[in-house]
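Dear colleague,

I am passing on the structure we spoke of, with the sequence alongside. Please open it first, and then read the notes underneath.

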Amino acid sequence: MQVFDNNMRRASRRASLRRGSISALPQKSAEIPWDIFERLFMPFLFCQAAAIVSSHLLHALNISNISTFAVFVWFALSTVGAVLFYHFVKVSASGKGVLITGCDAPLAWYLAKKLDDLGFTVYAGFASSIEDSDEAKILKEETSGRMKLLNVDVTSEKSLLEAARYVSQHLPHGAEGLWAVVHGATWIALGELEWIPFTVLRKSLDLNLLGAARLTQIFLPLVRRAHGRVVFLTSGLNRVPSPVRGIQCATQAAVDSFAACLRQEMRTRGVDVSVVAAGEFAPGNGWLNDTELREQAKQMWNQLSSEQKKTYGEDYYEAAMTSVEKYSRQAADIQPTLRVLIDAVTRTFPMARYTPVTAKEKLQIFLAEHLPPSLYESIYGEQKKFVY
């Protein structure tokens, strides 16, 4: 299905990596650190309840006539200060190793570079051959001697076992285990579910879900020794019905559930598990360009049966597939997602779920989760067809 112009891809990525740094990437003004608000939400509810109980108790005992509001303000200020201190405490990077998969793509590439700048020992995993990868060469040139490059094909048992052996033999001096595993490897298949060949469905499951699950199994012993953490990259929109991206939403939702179960299992083992559910950057030019997108669409159309082509029609097919082209033409804003990925690795108390999304995306996710399906579809249904 995917026959890419590798020379074009390499030239484009080489140029973008050479000329830019993270500080030069565009920042969405609408991006909001929802993770902080969510961490403060429950303490605020507790403050309100505690204020009501405390003020009534003080009145009943004739100790004070202080108002409930005044008690709430005192509790809130104290609690916010404590939560923010708790939220922003960071670990020392010295002697800590981090494995990152999917460094062929810009997001994981920049994450590896940034964590190296912070002092971590980074094991950057590339699915492609390191010797033939321009991204790997540039990363090696622009980072410290702590940076380790290795081939990590998450669909290959042999590759995963070799990577685990390499990491265990090259841990930072004095480290008992691996501090973090960041699952950055992902693969996007676009098209309505009837159109996608079974081989593509299998590849999507193998790479996005089964590969991440097997990698986690193999590296958990090393992570447990360090009382570290596992970080999964998914999409905040996997809970939003998105035609043409059905298999992507399905596999990422499965990763979400896998991470939630793993979090419960690892809680008593001292291992944190975080999910970074990002916004719309994922289908952007960090993953696909116009040439790759058209090639996917062309090959998928050629594999449809005559009956399917007649039923859907080429006009409908073209409209569906070109509806996502806007993401390949826009500059992929990876900075919000990069920020929370760094937080998930460096915070002493990482959150279970980070959602670096815009206010518009946050609203749609909330409505998709809480509105009756019929009401949600009346808002985001036919009038939103092919506008995701």
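What follows is a short account of what was found, beginning with confidence and ending with the aromatic side chains.

Please keep in mind throughout that this is a predicted model. The chain has a mean pLDDT of 81, with 82% of its residues at 70 or more. Confidence is highest in strand β1 (residues 97-100), where the mean is 97, and lowest in helix α1 (residues 6-19), where the mean falls to 44. Over residues 282-287 the pLDDT is below 50, although this stretch still has 27 contacts in the model beyond its near neighbours in sequence. Residues 382-388 likewise stay under 50, and for them the model has 20 contacts beyond four places in sequence. Where pLDDT is low, the predicted coordinates should not be read in detail.

As to the overall architecture, the chain holds 15 helices and seven strands, and 50% of its 388 residues count as buried. If one takes the contacts between residues at least 6 apart in sequence, 77% of them join residues at least 24 apart. The accessible surface of the chain comes to about 18,600 Å², and carbon and sulfur atoms account for 58% of that area.

Turning to the rings, the structure contains six aromatic pairs. One of them is formed by tryptophan 109 and tyrosine 110, whose ring centres lie 5.1 Å apart with 85° between the planes, an edge-to-face arrangement. Tryptophan 109 and tyrosine 110 are both buried.

Another pair joins tryptophan 195 and tyrosine 312: the planes stand at 90° and the centres are 5.3 Å apart, so this pair is edge-to-face as well. It links distant parts of the chain, since tryptophan 195 belongs to the loop between β4 (180-183) and α7 (198-226), while tyrosine 312 belongs to helix α10 (residues 306-312), 117 residues apart. How buried or exposed are tryptophan 195 and tyrosine 312? Tryptophan 195 has a relative accessible area of 2% and is therefore buried, the cut-off being under 20%, whereas tyrosine 312, at 23%, counts as partly exposed. Ring pairs also bring in Tyr316, so that Trp195, Tyr312 and Tyr316 are linked into a cluster.

Finally, there is a charge placed over a ring: the charged end of lysine 96 sits over the ring of tryptophan 179, at 5.2 Å from its centre.

With best regards

Technical notes: Residues are numbered from 1 along each chain as its sequence is written. This is a predicted model: local features need pLDDT of at least 70, side-chain atom pairs count only at pLDDT 80 or more; totals for chains, interfaces and linings use all residues. Side-chain values use heavy atoms; hydrogens and water are left out. pLDDT is the predictor's confidence in each residue, from 0 to 100. Helices (H or I, at least four residues) and strands (E, at least two) are DSSP runs, numbered from the N terminus. Contact means heavy atoms within 4.5 Å. Rings of Phe, Tyr and Trp (its six-membered ring) pair if their centres lie within 6.5 Å; planes under 30 degrees apart count as stacked, over 60 as edge-to-face and the rest as tilted. Buried means under 20% relative accessible area, exposed over 50%, partly exposed in between (1.4 Å probe, protein chains only). A charge sits over a ring if NZ of Lys or CZ of Arg is within 6 Å of the ring centre and within 35 degrees of the ring normal. Accessible areas come from the Shrake-Rupley method with a 1.4 Å probe; for residues, only the protein chains shown count as cover.
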